[in-house]
Amino acid sequence: MIVKLNNNSSRDEINEIFELLNNLSIAFQFIENENVIVLPKFNDVTLLNNKNAIDSVFEIDTPFQLPSKIWKAKTAVKIDTIEISMDTFTVMAGPCSVENEDQVFSTAEFLSKAGIQFIRGGAYKPRTSPYSFRGLGVDGLKILHKAAQQFHLKVVTEILDLTLLDDVYQYAEILQVGSRNMHNFYLLNELGKIDKPILLKRGMNAKVYEWLLAAEYILSGGNSNVILCERGIRSFDPQSRNVMDIGAISLIKELSHLPIIADPSHGTGIASRVKPAALAATAAGADGLIIEIHPEPAKALSDKEQALNFNEFTDLMEGVNNILPHLPYGKKTLPINNTVLNLQSI
Ligand code: PEP
Ligand code: MN
């Protein structure tokens, strides 16, 4: 249950509610930035009748509460003048890993000319083998940041561990929680205390309600700026790296007010299948895409099989641009520079 408080209620009136709940030994959490109280195991509305501090009470019969659409219609994540929400379409692109300055600067230049506002790139990489390339660490963050400053882009990068939070916080605008960390509840909890948006990828084995409960960890800590990312789930078929769960996008739309973007790069794992999956995710209602690109995919130090070159990315964006206006999701804006997209190479 979520209890929405009146915006003009006094501290005394709010304290009266806290006291009532405490006296009844009812567990609750006050989310100050939303001005709501979450009562995860309590559904007796009558006890809260006639309290001045209360604006409305929402009974929510799912395990997740704060991500639910029942009490909130829309989350708009704002980064300067950019909004990421159900009303916009946001594209993030860049390499899987930051490898060197040339790679990142040429990617950043390409993205800015194409009108893309976010550059992605991992500086700390969660690799299956400890002997694989694991990222440049803080030097990688500095390269991303420098390129982003020069080309007026925002940085999206993975926060692999809490010990890295200070550096990642300093150099990135959006902190990505990777698929392997979606169940890292201590990390999620701590990210609930910061004031930067979190891109929460779906665990590769996670059910949708588990993913929304992972979001709840962040939201209940007081950070309302969560963006979900469908990146495919494990299957039995070795011909795809993952199965892009297109159905989960529309399910999230039914259940939650949080924006959801799609990652068809990890969702398929194969470059030739990235565009079809991107178009399908867009058609299913995704609020944006995150795509792995590389100036020379064959030379990528991680995830080279799924990286698109700049021309392939341009072609993908043209496809998305063509279908977006025909979809029934209201006003989506795609900040794409068509003149540049029409060029075959940059
Ligand atoms: C990535 O974005 O490069 C990445 C490691 O993604 P995921 O956590 O979805 O595997
Ligand atoms: Mn990757």
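Biologist: Where does ligand 1 sit?

Modeller: In this predicted model, ligand 1 occupies the largest pocket.

Biologist: Which residues surround ligand 1 there?

Modeller: A residue is counted as near if one of its heavy atoms lies within 4 Å. Ligand 1 has around it Cys96, Arg120, Lys125, Glu158, Gln176, Gly178, Ser179, Arg180, Lys201, Arg231, His266 and Glu292. By class, seven residues of this shell are charged, four are polar and one is nonpolar.

Biologist: What polar side chains lie at the oxygen atoms of ligand 1?

Modeller: Look for N or O pairs within 3.5 Å. Lysine 125 has a side-chain N or O atom 2.9 Å from an oxygen atom of ligand 1. For glutamine 176 the distance from such a side-chain atom to a ligand oxygen is also 2.9 Å. Histidine 266 places a polar side-chain atom 3.2 Å from an oxygen of ligand 1. Alone, ligand 1 exposes 300 Å², and the protein buries 97% of that.

Biologist: Which residues coordinate the manganese ion?

Modeller: Donors are N, O and S atoms within 2.8 Å of the metal. For the manganese ion (ligand 2) they are Cys96 (SG), His266 (NE2), Glu292 (OE) and Asp303 (OD), at 2.0 to 2.4 Å.

Biologist: How are these donor residues spaced in sequence?

Modeller: The spacing is C-x169-H-x25-E-x10-D. Cysteine 96, in the loop between strand S7 and helix H2, and aspartate 303, in the loop between strand S14 and helix H10, are 207 residues apart.

Definitions and conventions. Residues numbered from 1 in each chain as written. Chains lettered and ligands numbered in written order. Predicted model: local features only at pLDDT ≥ 70, side-chain atom pairs only at ≥ 80, totals over all residues. Heavy atoms only, no water. Polar contact = N/O pair within 3.5 Å; in protein donor to acceptor, adjacent residues only side chain to side chain. Areas by Shrake-Rupley, 256 points an atom, 1.4 Å probe, with all protein chains shown as cover. 1 Å grid on protein atoms, 1.4 Å probe; cavity = no way out; pocket = protein on both sides within 12 Å on 5 of 7 lines; lining within 4 Å. Sits in = over half its atoms within 2 Å of the grid points. Nonpolar A, V, L, I, M, F, W, Y, C, P; charged D, E, K, R; others polar. Donors = N, O, S within 2.8 Å, 3.2 Å for Na, K, Ca; no water. Helix = DSSP H or I, 4+ residues; strand = E, 2+ residues; numbered from the N terminus.
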